[in-house]
Amino acid sequence: MIERRRLRVTGTVQGVGFRPFVFRLATGLGLAGQVSNDHLGVLIEVEGPDSALDILSTRLVAEAPPLALVVSVESGQVRPTGETGFAIVDSRSQGAPAVAVSVDAATCAECLSELHDPTNRRFGYPFINCTNCGPRYTIIQSIPYDRAATTMAGFDMCARCGAEYTNPADRRFHAEPIACADCGPRLTLLDSGGGELATESEALGRAISALLAGQILAIKGLGGYHLAADATNTEAVTELRRRKSRDQKPFAVMVPGLESAGELCLLTSAAEAALASPRRPIVLAPRHHDQILAAGVAPGLPELGLMLPYTPLHSLVMAGLGRPLVLTSGNQSDEPIAHDDADALSRLGPMVDAIVSHDRPIHIRCDDSVVRARPGEGSVQMVRRSRGYAPEPINLTRPAGRHVLAVGAELKNTVAVAKGATIVASHHIGDLEHLAAYQSFLQAVGHLCRLTGVRPAMVVHDLHPEYLSTKFAMDLEIPALGVQHHHAHIASCLAEHGSDARVLGVAFDGTGMGTDGTIWGGEFLVADLDGFTRVGHLTGVPMIGGNHAVREPWRMAMAWVHAACGYDEAAHYGSEIDHRWSAVLDRIASPSSLITTSAGRLFDAVAALIGLRSTASYEAQAAIELEAAAVKEPLTSGDGYEVVLRNDNQGCLELDPSPLVRTVMADQRTGTASAVIAARFHEGLGLGVAQAAVVLADAHGLDTVALSGGVFQNARLSAIVETDIAKQGLRVLVHSHIPPNDGGISIGQAAIAARLS
Ligand code: ZN
Ligand code: ZN
Ligand code: FE
């Protein structure tokens, strides 16, 4: 029987080759009709035998193009028109946009083989792309997604590109960033003052030679500029570290392919899959001992951050180089990645010997994403969700009551919107204490709302009144909702799992404003998306000096020694560590000091106590090194340090690590290896956390525990807690796709606010 159906497809379906895919499918089935993009997604009208129409509906989802993400297909009957032939018709722009913008995707295999094929007309062209790959989020200014709405608008297609673009049978049919050497962006090599040194293949050749000679270059990538240096050249890496800043953050390394990645790191199959996926994140994985990298790449850490080339320019550079390349975001400390050409020249020019640039503007900056390979089995955990992942939608279990804007926290900031049944989170914005990051935050809010068609009817923010994101939210003249930091962490974990259940949430992190005026960070909450009750916490100790306590872990060590062993021991420890000890101890002993239950700060304290680090150059450095110290010790050995569970006087369970702190000190005094102390610390704390979670879940009739907060980036602690809770028959929710750290806060905030009607 002949029918005509109207199919409405929603999700990430524009800019990913969906219309030509529908065209090929429909014509292959002998169906008539048309397909178009509009503000809701893709609209198909198709006419023919009902059996063929059914097949089309199934294959529409099952065989969708690699970058497409179909959220729903709604089908309705309309009156047959007797139409013959199938056509792709022009985009219609009306109403508020609801369609998801595609993520940026690494060069696909077909484009790569063309890139390296001397007979292909795009041989060696650094901006080759097609409907299955290339820039998207970073070049789109508004939607519907058309070339005119991207930073490719200024390039007029040549006749040959035009023919591919308009041919439905071509892989580049409506590939909006389509380009070739005749009509598209052009590579340039600039000196550090912006003067042009060379263009096109000469620019590439000279850039490769400069890197091989140990020079430091800035390279314009997909979402911003990287600083680059030969990762095997000790002098070049040392010089890069000197020029960039004094901090000790590890550098990421780009390798030519999976084989060289395997020479540097131990890769699980999940790590390999993540490395090679079109999202191309930086993958943190354990490094082999003997390797060719300069020591300064990731000093003192047992892991390396690796990535594979994700633009054709990277592929050409890596093919010419044939060795690992340090690629680190081109900025000092925690400022946002430089993406604007003039800004990059002024900020990076003084740090580099030359700049590899081009004339395709980056509309929105987007840092590299970072995932961490979990030990043993096959999964990775998101650490920074940005390029290749943003702005992919996250599904809600029930549609948002209104348009919501969530502004996140202060560190590792992201923003998110909720609309309909989805949340869309931005790229990584950074630490808002930097002015440049705050400006980037403002841009991101505007950009995200424009791309998603969100006109916020509510803004949701952290409870911390001093966060710039909170202040921004308060200044908007729309209803504002404050969400407690650790509730947002647990909500982000629920959102990731598509759950709206009530769970026992364990939120362990560095810092978050509590509802009682203290700084929380070691919290047990009975929580769902509608609310929470605090039912347990780590013992509180004074946190002296605010941010100084984060940068100087010895202050937290003093506070913990004071809590566990008393004033005299604390004085003894302090007098050996820093000349400001007595002023700090006075304040620790004062009843009016600010109290924190932060688990992150406990890690800092223990790292300082065993002499790993008494001052930190970046947040959580001491905690990261404490985990690293334990790396060669078995996960559990039965001799974890003791922690105590008791009821505090407010009806909460208190997890008290005082005995643990005392044993750490005793072991340290008798010369126990720091690796062993670090391992016993992880085991003791992990089992204590698990026990507290099980006791509390039981007391509140809950069968699921959710783990969130930056401390759960610690793979060792996570593994101990997860395994032990699961052993006792409870379900454990952990993060894979949303960061456990504050990068996930905006998503949790949005999920909570979306519940309000
Ligand atoms: Zn391609
Ligand atoms: Zn062309
Ligand atoms: Fe947090």
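**Exercise 1. The first zinc site**

In this predicted model, identify which residues coordinate the zinc ion (ligand 1) and at what distances, and then work out which geometry the site has.

*Solution.* Step one is to list the donor atoms: the zinc ion (ligand 1) is held by the SG atoms of Cys108, Cys111, Cys130 and Cys133, at 2.3 to 2.4 Å. Step two is to inspect the angles among these four donors, which run from 103 to 119°; four donors count as tetrahedral if all angles lie between 85 and 135 degrees, and the site of ligand 1 is accordingly tetrahedral. For reference, the ideal angle for four tetrahedral donors is 109.5 degrees. Step three is to read the donors along the chain, where their spacing is C-x2-C-x18-C-x2-C. Step four places two of these donors in the fold: cysteine 108 belongs to the loop between β5 (86-88) and α3 (109-115), whereas cysteine 133 belongs to the loop between α3 and α4 (159-165), so the pair ties together parts that are 25 residues apart in sequence. The last step concerns accessibility, for which buried means under 20% relative accessible area: cysteine 108 is buried because its value is 14%, and cysteine 133 is buried because its value is 1%.

**Exercise 2. The second zinc site**

Determine which protein donors bind the zinc ion (ligand 2), and decide whether Cys158 is buried or exposed.

*Solution.* Begin again with the donor atoms, which for the zinc ion (ligand 2) are the SG atoms of Cys158, Cys161, Cys180 and Cys183, lying 2.2 to 2.3 Å from the metal. The angles among these four donors span 103 to 118°, and the site of ligand 2 is tetrahedral. Along the chain, the donors of ligand 2 follow the spacing C-x2-C-x18-C-x2-C. Turning to accessibility, cysteine 158 has a relative accessible area of 17% and is therefore buried, while cysteine 161, at 0%, also counts as buried.

**Exercise 3. The eleven-stranded sheet**

For the open sheet of eleven strands, establish the strand order, find which strands form the edges, and describe which helices pack on the sheet.

*Solution.* First, the order of the strands is β7-β6-β14-β8-β9-β13-β10-β12-β11-β15-β16, with mixed pairing. The edges are β7 (196-199) and β16 (380-384), each of which pairs on one side only, and neighbouring strands are turned against each other by 30° on average, direction ignored. Next, take one pairing in detail: β11 (residues 282-286) and β15 (residues 370-373) run parallel and are joined by three bridges, with valine 283 having valine 371 of β15 as its bridge partner. Two helices can then be added to the picture. Helix α6 (residues 234-244) touches β9 (225-230) and β13 (325-329), and its direction makes about 145° with that of β9; helix α10 (residues 341-348) touches β8 (217-220), β9 and β14 (354-358), and its direction makes about 45° with that of β9.

Finally, consider a residue of this sheet, serine 329, which is found in strand β13. Serine 329 is partly exposed because its relative accessible area is 21%, and its contacts, leaving aside neighbours within four places in sequence, are Tyr225, His226, Leu227, Lys244, Ile337 and Asp367.

**Exercise 4. Helix α19 and its surroundings**

Work out at what angle helices α19 and α21 cross, which residues make their contact, and why α19 can be called largely enclosed.

*Solution.* Start with the axes: those of α19 (residues 621-629) and α21 (residues 674-699) come within 8 Å and cross at roughly 105°. Angles from 65 to 115 degrees count as roughly perpendicular, and α19 and α21 are therefore described as roughly perpendicular to each other. The contact involves Leu626, Glu627 and Ala629 on the α19 side, and Ala675, Ala678, Phe681 and His682 on the α21 side. As for burial, seven of the nine residues of α19 are buried, so this helix is largely enclosed by the rest of the structure; the buried residues are Gln621, Ala622, Ala623, Glu625, Leu626, Glu627 and Ala628. These buried residues pack against β15, α15 (553-565), α18 (599-609), α21 and α22 (715-727).

Conventions: Residues are numbered from 1 along each chain as its sequence is written. Chains are lettered from A and ligands numbered from 1 in the order in which they are written. This is a predicted model: local features need pLDDT of at least 70, side-chain atom pairs count only at pLDDT 80 or more; totals for chains, interfaces and linings use all residues. Side-chain values use heavy atoms; hydrogens and water are left out. Two strands pair if DSSP finds at least two bridges between them. Helices (H or I, at least four residues) and strands (E, at least two) are DSSP runs, numbered from the N terminus. Axes are lines fitted to C-alpha atoms, for helices over the stretch in contact, and angles run from 0 to 180 degrees between N-to-C directions. Contact means heavy atoms within 4.5 Å. Donors are N, O and S atoms within 2.8 Å of the metal (3.2 Å for Na, K and Ca); water is not among the atoms, so sites may look incomplete. Four donors count as tetrahedral if all angles lie between 85 and 135 degrees; four count as square planar and six as octahedral if opposite donors are over 155 degrees apart and all others between 65 and 115; anything else is irregular. Buried means under 20% relative accessible area, exposed over 50%, partly exposed in between (1.4 Å probe, protein chains only). Angles under 35 degrees count as roughly parallel, over 145 as roughly antiparallel, 65 to 115 as roughly perpendicular and the rest as oblique.
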